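I opened my notebook to look up a few things in this structure. My topics are burial, salt bridges, strand pairing and cavities.

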Amino acid sequence: MADFVVVGGGSAGCALAAKLSEDVSVSVVLIEAGGDTNHVLVDCPAGLAGLAMTGRFNWAFDTVAQQHLNQRVCYQPRGKGLGGSSAINAMIYTRGHPMDYDGWAAMGNAGWAYADVLPYFKRSENNERGANQWHGVNGPLNVKDLPEPNPIALAFVQAVHQGGVPLRHDFNDDAQEGAGIYQVTHANGERHTAAKAYLIQAQSRSNLEVISNATVDKVVLDNGRAVAVRIIHNGQVRIVSAAREVAVCAGALQSPGVLMRSGIGPASHLQDMGIEVLHDLPGVGQHLQDHLDVVQQVKAPHLHDLMGLSLRGISSMLKGYWQWRTYRTGLLTTNYAEGGAFIKSSQSETLPDLQLHFVTGMLKNHGRDVVFGLGYSCHVCVLRPKSRGSVALSSADPHAPPRIDPNFLSDPDDVRRLVRGFERMRELLRQPALLNLGGVELSPTKDVMGSKAIEAFIRANADSIYHPVGTCRMGNSALDVVDEQLRVHGVKGLRVVDASIMPTLVGGNTNAPTIMIAEKAADMMLGKPALNSAAA
């Protein structure tokens, strides 16, 4: 029996288990469905391209057919293995805008305003730029500038600036709006996963046990209290008991399923699945939010700094691989999405409502299809979509994938913003700093003219940029799942600690906020006072 059982060894689970185990008076068990993520494709930042083509570290879920995207099935990659999605993502370190968190607090979630969460962001990071009022230097997660940003990414930043967008050195201060090169979660030329940052050192502690390659069936309840977790490990059913609490950290697409298989969720759905209803909690699996993304591609075979499949490109990558293997430097330290921007779809917006990711290569089908030739891509997404979807069970079998319905573009406001976003992205990519490099926009976007044609293109091509949240929403309404302490409403000894608790999607990439949530939850579970800004 352990004091705390943590379900899921992704970004949140690694951070939470490690922080809990710092207290030598408690025992912790971490359960992960995948295995370790020690692999060259994970360690090498540019290995990201190869990760998209293998399911070894990726659940590679699909959505149901999307009504507003021409009935297309969309892709939902999620990390499988210790470190979770931090082992397969683009390593971008952004937090969203401070007003995102102030919005959470205004919704009734005390303790989640930006002033409350900033100390946990700072505690989690070791930012190689140094400490200041926004950043910390003693945390486990290494954050740094790309040592060798691609010249084409730098040209993108200049082009966006030529289009009237300010330059921004730090996307994580109090302003956000602007163009720049993203900071990344790298250390010594390698991807720095949550497992590397938090778990590897913690595993040497005698009070932490990690059970990998174990499928979680359900949380076991006794008189309305979580007392254990039922797992399938090495083909055998095993019960892992929790003396104090169970924390579900399986992510926005899988935490709802753990709860529902445990008899916690919408009663009618559980009954349809043949699961005994132990606690009717209708909000479980609701309020799914994600960043829908659309891409423009430019072919530029004469720009030899780009990544791609051509004779010169392969030669550059082979040289880069030698540099990376020998010195952990060179071309393969790229995260591909090096440049970015937070912009407004119109000047009437209070906050940036669009994000750009500039990729130093051409992508097709999320990198799962091979694209020959050299070029670059730019992505645009709506940061705070109004569309809401859901996650449900497809079966009571714990090995079955979830039924994922993001319900993309169900709100007309998202359509309008994404159309404007595409128009603005195209305008920025045609500024002299990029235009003078002589790249050629590829079909199908080069022939898309006018708002109606752009909308049709979006419905035929848009897909997720992999930031699902909200399915175990924090709040105090009848459709909320956890309270401000992340305790599941109506069940004792059970919390959810991951991106699923976010009341609304933050205006940026979600990995850093997910780790922050785990840092904050660890203090809650250990009964420690919350950090304050003065102490951070």
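**Entry 1: what buried means.** I began with a cut-off: a residue is buried if its relative accessible area is under 20%, exposed if over 50%, and partly exposed in between. I also noted that this is a predicted model.

**Entry 2: Arg 417 and Glu 349.** I looked up Arg 417 to try the cut-off. Its relative accessibility is 14%, so Arg 417 counts as buried. I then looked for its partner. The side chains of Arg 417 and Glu 349 form a salt bridge, at 2.9 Å from N to O. This pair links distant parts of the chain, 68 residues apart. Arg 417 sits in helix H11, residues 412-429. Glu 349 sits in the loop between strands S18 and S19. Is Glu 349 buried or exposed? I found 17% relative accessibility for Glu 349, so it counts as buried.

I followed the charges further. Glu 349 and Arg 417 belong to a network of salt bridges that also includes Asp 353, Lys 386, Asp 413 and Arg 416.

**Entry 3: Arg 426 and Glu 441.** I stayed with helix H11. The side chains of Arg 426 and Glu 441 meet in a salt bridge, at 3.2 Å from N to O. Arg 426 lies in H11 and Glu 441 in strand S23 (residues 440-441), so the pair ties together parts 15 residues apart in sequence. I checked burial again: both Arg 426 and Glu 441 are buried.

**Entry 4: Asp 100 and Arg 384.** How many salt bridges does a search of the whole structure find? I wrote down 27. One of them joins Asp 100 to Arg 384. Their closest N and O atoms are 2.7 Å apart. In the chain, these two residues are 284 residues apart. Asp 100 is in helix H4 (residues 98-106), and Arg 384 is in the loop between S20 and strand S21. I compared their burial. Asp 100 counts as buried because its relative accessibility is 7%. Arg 384 has 24%, so it counts as partly exposed.

I added a reminder for myself. Side chains of opposite charge can pair when their charged atoms come close.

**Entry 5: strand S20.** Next I looked at S20, residues 375-382. Eight of its eight residues are buried, so S20 is largely enclosed by the rest of the structure. In a regular strand the side chains alternate between the two faces of the sheet. I therefore sorted S20 by side, and both faces are covered. Gly 375, Ser 377, His 379 and Cys 381 are buried on one side. Tyr 376, Cys 378, Val 380 and Val 382 are buried on the other.

Which strands pair with S20? S17 (residues 292-299) pairs with S20 in the antiparallel sense over seven bridges. One bridge partner in S20 is Tyr 376, opposite Val 298. S19 (residues 354-359) is also antiparallel to S20, with six bridges. There, Val 359 has Ser 377 as its bridge partner.

**Entry 6: cavities.** Last, I looked for enclosed space. I noted two cavities of 30 Å³ or more. The largest holds about 110 Å³. Its lining includes Val 382, Pro 385, Phe 408 and Leu 418. I sorted the lining residues into eight nonpolar, two polar and two charged.

The second largest cavity has a volume of about 30 Å³. Among its lining residues are Tyr 93, Arg 129, His 169 and Gln 183. This lining divides into three nonpolar, three polar and two charged residues.

Terms used: Residues numbered from 1 in each chain as written. Predicted model: local features only at pLDDT ≥ 70, side-chain atom pairs only at ≥ 80, totals over all residues. Heavy atoms only, no water. 1 Å grid on protein atoms, 1.4 Å probe; cavity = no way out; pocket = protein on both sides within 12 Å on 5 of 7 lines; lining within 4 Å. Points joined across faces, edges and corners; volume = space filled by probe spheres on them. Nonpolar A, V, L, I, M, F, W, Y, C, P; charged D, E, K, R; others polar. Buried < 20%, exposed > 50% of the residue type's maximum accessible area, 1.4 Å probe, protein only. Helix = DSSP H or I, 4+ residues; strand = E, 2+ residues; numbered from the N terminus. Pairing = 2+ DSSP bridges. Salt bridge = Lys/Arg side-chain N within 4 Å of Asp/Glu carboxyl O.
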